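Colleague: I am new to this structure and would like to learn how to read it. Could you take me through a few features, one at a time?

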Amino acid sequence: MKVVVNIDVPELGRAIEFYCAALGLRHSRTLDNDVAELTGASSVIYLLQKPSGSKAAETLLEPRCYARHWTPVHIDFVVDDIEQAAGRALRAGAVRESEGTEWRASKCITFSDPFGHGFCLIEFAGETYSDTAAPD
């Protein structure tokens, strides 16, 4: 199974600039002037231009809002050097929301992008969370 990630954004150009600068992704192409394909991660990321206030689905009452919001699903980007990656994200316009935590020998810092979406940067001690490290 292949997984792709879709992120709704109000301004496509600004979102392309942010995600490329913050995470080192590459803008591969733009489709129909309102969808940008970003590569350079383990999954392709599509930025979907959707206006603030528009309906995400006919069955939902709440309109799209790009103020900071919480969602139970978010993206974690695995990086080699968390402090270097954090600096890059901040320079691109991310907002740091935690000092960081350590769990099973890995480090995590939470952020939000300029469009209100939360994301994390994670630095694994190896390929993934350690099975042998004592949980914090």
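Modeller: Gladly, and please keep in mind that this is a predicted model. Let us start with one residue: setting aside neighbours within four places in sequence, E37 is in contact with R26, H27, S28, R29, V44, I45 and Y46.

Colleague: Where is E37 placed?

Modeller: E37 belongs to strand β3, which covers residues 35–39.

Colleague: Is E37 buried or exposed?

Modeller: For that, we look at relative accessible area, where under 20% means buried. E37 has 11%, so E37 is buried.

Colleague: Which side chain has a polar contact with that of E37?

Modeller: That is Y46: the two side chains are joined by a polar contact of 2.8 Å. Y46 is also one of the residues in the contact list of E37.

Colleague: Let us turn to cysteines. How many disulfides are there?

Modeller: The general idea is that a disulfide is a covalent bond between the sulfur atoms of two cysteines. Here the count is zero.

Colleague: Why is there no bond between C108 and C120?

Modeller: The cut-off for a sulfur pair is 2.5 Å. C120 holds the closest cysteine sulfur to that of C108, but the distance is 3.9 Å, so it is too far for a bond.

Colleague: Are C108 and C65 buried or exposed?

Modeller: C108 counts as buried because its relative accessibility is 18%. C65, at 44%, is partly exposed.

Colleague: Now the pockets, please. What is the volume of the largest pocket?

Modeller: Its volume is about 690 Å³. The lining has 23 residues, and those closest to the centre are N6, H69, T71, V73 and H117. Two or more lining residues come from each of β1 (5–9), β5 (75–78) and β9 (118–123). β1 gives the most, with four residues.

Colleague: How does that lining divide by class?

Modeller: The lining of the largest pocket has twelve nonpolar, six polar and five charged residues.

Colleague: And what is the volume of the second largest pocket?

Modeller: That one has a volume of about 440 Å³. Among its 20 lining residues, L23, G40, F77, V78 and V79 are the closest to the centre.

Colleague: Which element gives the most to the lining of the second largest pocket?

Modeller: β5 does, with four residues. At least two residues each come from α1 (12–23), β5 and α2 (82–92). By class, this lining divides into twelve nonpolar, four polar and four charged residues.

Notes
Residues are numbered from 1 along each chain as its sequence is written. This is a predicted model: local features need pLDDT of at least 70, side-chain atom pairs count only at pLDDT 80 or more; totals for chains, interfaces and linings use all residues. Side-chain values use heavy atoms; hydrogens and water are left out. Buried means under 20% relative accessible area, exposed over 50%, partly exposed in between (1.4 Å probe, protein chains only). A polar contact is a pair of N or O atoms within 3.5 Å; within protein, one must be able to donate a hydrogen and the other to accept it, and residues adjacent in sequence count only if both atoms are side-chain atoms. Contact means heavy atoms within 4.5 Å. On a 1 Å grid over the protein atoms alone, a cavity is a set of points where a 1.4 Å probe fits but cannot get out, and a pocket is an open set with protein on both sides within 12 Å along at least five of seven lines; lining residues have an atom within 4 Å of a point. Grid points are joined across faces, edges and corners, and a volume is the space filled by probe spheres set on the points. Ala, Val, Leu, Ile, Met, Phe, Trp, Tyr, Cys and Pro count as nonpolar, Asp, Glu, Lys and Arg as charged, and the others, Gly among them, as polar.
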